[in-house]
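This briefing concerns the sequence and structure displayed here. Please consult the display alongside the points given under each topic.

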Amino acid sequence: MIDICLPGTGGMKPLPNRFLTGLWAEHKGKALLIDCGEGMQIALAKAGLSLARLDTLFITHFHADHIAGLPGLLLSAGNYGKSSPLVIYAPKGGREIIQRLCCICPELPFDVSVHEISGSGTIFRNDLEISFMPVRHRIDCYCYSITERRPPVFSPAKADKLGVPLNMRSVLHKGQSIEVNGSIITPEMVTEGERQPLKITYITDTVYFEDLAAFAADSDLLISEGMYGEDEYIPKMTEKGHMVFSQSAEIAAHSHSKELWLTHFSPALTAPEEHLEAAKAIFENTLAGIDGIKKTIS
Ligand SMILES: [Zn+2]
Ligand SMILES: [Zn+2]
């Protein structure tokens, strides 16, 4: 089970009624955040999310609307009582950029470490797999997906049939084998049915390209950028390294995702929900993201 929230849905600059884009994902009491534009700590507070639970921060790229909120976020986290370490993953050069940004908050009550990423890969944090892949923007930029692998379902009927005593079942639950009447019982012998992993994909600040759909394959929720709703903006947005709504809908359709939330709207787009026609024609289950929108993926 993963609790999701979009604290903000804007691109380029924060507005009085729209914070900058980001993704908050909570799992087993710890949270990860993707991106940290200006005012992110206010967006999180407004959405009722506790910075004390923030454990890992992922940065897509070093444009101000995705990173400029970091010093304020760190200072606020300290004020909210965070004492456990914060781990940051960011593109190459991130260590120096973050060090310089944070010269105004040198005394935090928790450790901050920065890991630089390159190419494609997977990071394991708090029983989640976070995969990343370079996208095509004006500078080095990455998309991320969050996956929770789920163990198969325990079958009491199978356990009964094999004569597994009740007091030994917890050992099997932990993934260890046991011996019953001289026979070895493995965890696989008392489970049934593969459970699909849960997957959330976050794509922003990129032009459209085919590999994005493969990266987002089978997402329960795809969060993807749309600067504008109409296709007439495609040439201009491609030039600037961005997408429009219908291009994210193409990714959702080709990746067989279940749901699409659009984000990273242009400040000029005041009512994104009124521009969904082209996207919905391609992928019906499309929603224009709203600041503070939440969902539990299970
Ligand atoms: Zn941006
Ligand atoms: Zn950018």
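The notes that follow treat the overall fold, the main sheet, one enclosed helix and several individual residues.

The model is predicted. It contains 10 helices and 18 strands, and the domain assignment divides the protein into domain 1 (2-150 + 196-297) and domain 2 (153-192). Of its 298 residues, 41% count as buried.

**Overall architecture**

- Domain 1 is made of two segments, 2-150 and 196-297, whereas domain 2 covers 153-192.
- Taken over C-alpha atoms, the centres of domain 1 and domain 2 are separated by 41 Å.
- The C-alpha trace extends over about 70 × 50 × 35 Å along its principal axes.
- The radius of gyration is 21 Å, which agrees with the value near 19 Å for a compact globule of 298 residues.
- Among contacts with a separation of 6 or more, 67% are between residues 24 or more positions apart.

**The seven-stranded sheet**

- Seven strands form an open sheet with mixed pairing, in the order E6-E5-E4-E3-E2-E1-E18.
- Strand E6 (112-117) and strand E18 (293-297) occupy the edges; each has a single partner strand, so one side of each is left without a neighbour in the sheet.
- Direction ignored, neighbouring strands of this sheet are turned against each other by 20° on average.
- Within the sheet, strand E4 (residues 54-58) and strand E5 (residues 86-91) run parallel and are joined by three bridges.
- Leu57 stands opposite Ile88 in E5.
- Helix H4 (residues 94-101) lies across E5 and E6, and its direction makes an angle of about 145° with E6.

**Helix H9 and its surroundings**

- Helix H9 (residues 245-254) is largely enclosed by the rest of the structure, because seven of its 10 residues are buried.
- The buried residues of H9 are Phe245, Ser246, Gln247, Ser248, Ala249, Ile251 and Ala252.
- The cover over these buried residues includes the strands E14 (198-203), E15 (221-225), E16 (260-263) and E17 (286-288).
- Helix H7 (211-215) and helix H10 (277-282) are also among the elements that cover the buried residues of H9.
- Just after H9, His256 adopts a positive phi of about 55°.

**Loop residues with positive phi**

- Asp35 lies in the loop between strand E3 (30-34) and helix H1 (40-46).
- The phi of Asp35 is near 75°, a positive value in a residue other than glycine.
- Asp35 counts as buried because it has 29 C-beta neighbours inside 10 Å, the cut-off for burial being 20 or more.
- Asp205 is placed in the loop between E14 and H7, two elements that also help to cover the buried residues of H9.
- Although Asp205 is not a glycine, its phi is positive, at about 60°.
- Asp205 is likewise buried, with 27 other C-beta atoms within 10 Å.

**A partly exposed helical residue**

- Ile234 belongs to helix H8 (residues 234-240).
- Ile234 has 17 C-beta neighbours inside 10 Å and therefore counts as partly exposed.
- Ile234 and Ser83 are 151 residues apart along the chain, and their C-alpha atoms are separated by 45 Å.

Note on methods: Residues are numbered from 1 along each chain as its sequence is written. Chains are lettered from A and ligands numbered from 1 in the order in which they are written. This is a predicted model: local features need pLDDT of at least 70, side-chain atom pairs count only at pLDDT 80 or more; totals for chains, interfaces and linings use all residues. Domain bounds come from an automatic or database domain assignment. Helices (H or I, at least four residues) and strands (E, at least two) are DSSP runs, numbered from the N terminus. The radius of gyration is taken over C-alpha atoms; the globule rule is 2.2 Å times the number of residues to the power 0.38. A residue is buried if 20 or more other C-beta atoms lie within 10 Å of its own, exposed if 12 or fewer, and partly exposed in between; C-beta atoms are placed from the backbone. Two residues are in contact if their C-beta atoms, placed from the backbone, lie within 7 Å. Two strands pair if DSSP finds at least two bridges between them. Axes are lines fitted to C-alpha atoms, for helices over the stretch in contact, and angles run from 0 to 180 degrees between N-to-C directions.
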